[in-house]
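Me: Got a model open here and want to go through how the helices pack and where the empty space is. Can you walk me through it?
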Amino acid sequence: MTGGTRGIGRAVVRALAEAGADVVTCYRQPGEHADSLARELRLTGGDHSLHQADVSRPEDVARLIGECGPRLDILVNNAGAISHIPFAELPLQEWQRIIDTNLTAVFAVTQAALPLLTSGSSVVFVGSKVATVGMPLRAHYTASKAGLVGLGRTLCKELGPRGIRVNVVQPGIIQTTDIPVDRLKHYESIIGLGRLGQPGEVANVVTFLASDLASYITGETLNVDGGT
């Protein structure tokens, strides 16, 4: 799994580990987030490992996949980057950075993992609800996340004959950090359930798609957004 030490990614790592999976995950920058996750995983049964890797770098991708062993049952692409810039002022370099991290890296990781995937394997892309609704100042981000939908639909058809499933999970507004009260009230007013989602609620859906309970689900985009 890519991007596993913070927010949604961290919740997915913990959920998969608690469900019995041996988890290999990565982080881009060392620090307390990685250290604390390592401590938590040591208390969870299984053979888990964390590795430093920037998935926008091909050499890091190759090294990460090399840590996954001879077989990979579940591949979760979660690593991502975001910034907020008006489209008229968006530098090409920043456009490329976001696309490389959010979309090209998913291509690279998934392609590198193909030799390890077998019949029954599940691939999950963690996208974003903004891919289908848009958001000012995030043209590069929304474009990268929208690309995951098309990639997932195509790969479900290409990899389906091999018994490999590919799905996209699109979180809505998820509380991964503290949010100012005025913005929180605005978010709550536009969400059907009247509250923000929690990382664990996204992790539950990813875990479901990774499991045999979802054995006939592929090519789908599941919104986990509380009715946004």
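Reply: Start with a helix pair. This is a predicted model, and in it the crossing of α1 and α2 is right-handed.

Me: Which residues make that contact?
Reply: From α1, Arg-10, Val-13, Arg-14 and Ala-17; from α2, His-33, Ser-36, Leu-37, Glu-40 and Leu-41. By class, that contact has four nonpolar, two polar and three charged residues.

Me: At what angle do the axes of α1 and α2 cross?
Reply: Roughly 15 degrees, and the axes come within 11 Å. The angle is under 35 degrees, so α1 counts as roughly parallel to α2.

Me: Now cavities. How many of 30 Å³ or more?
Reply: Two. The largest cavity holds about 50 Å³ of space, and the second largest about 40 Å³.

Me: What lines the largest cavity?
Reply: Met-1, Val-24, Leu-64, Ile-65, Cys-68, Leu-72, Leu-75 and Val-109. Two or more of these residues come from each of α3 and β3. The lining has eight nonpolar residues, with no polar and no charged ones.

Me: And which helix gives the largest share of the second largest cavity's lining?
Reply: Helix α4, residues 92-113, with four residues. The lining includes Thr-101, Ala-105, Val-106 and Val-109, along with Asn-77 and Asn-78. It divides into five nonpolar, four polar and no charged residues.

Me: Switching to pockets: what's the volume of the second largest one?
Reply: About 360 Å³. Of its 16 lining residues, Asp-22, Val-23, Val-24, Leu-72 and Ile-74 lie nearest the centre.

Me: Which strand contributes most to that pocket's lining?
Reply: The largest share, five residues, is from strand β3, residues 72-77. Overall the pocket lining has 10 nonpolar, one polar and five charged residues.

Note on methods: Residues numbered from 1 in each chain as written. Predicted model: local features only at pLDDT ≥ 70, side-chain atom pairs only at ≥ 80, totals over all residues. Heavy atoms only, no water. 1 Å grid on protein atoms, 1.4 Å probe; cavity = no way out; pocket = protein on both sides within 12 Å on 5 of 7 lines; lining within 4 Å. Points joined across faces, edges and corners; volume = space filled by probe spheres on them. Nonpolar A, V, L, I, M, F, W, Y, C, P; charged D, E, K, R; others polar. Axes fitted to C-alpha atoms, helices over the stretch in contact; angles between N-to-C directions. Parallel < 35°, antiparallel > 145°, perpendicular 65-115°, else oblique. Left-handed = near helix turned anticlockwise from the far one by under 90°. Contact = heavy atoms within 4.5 Å.
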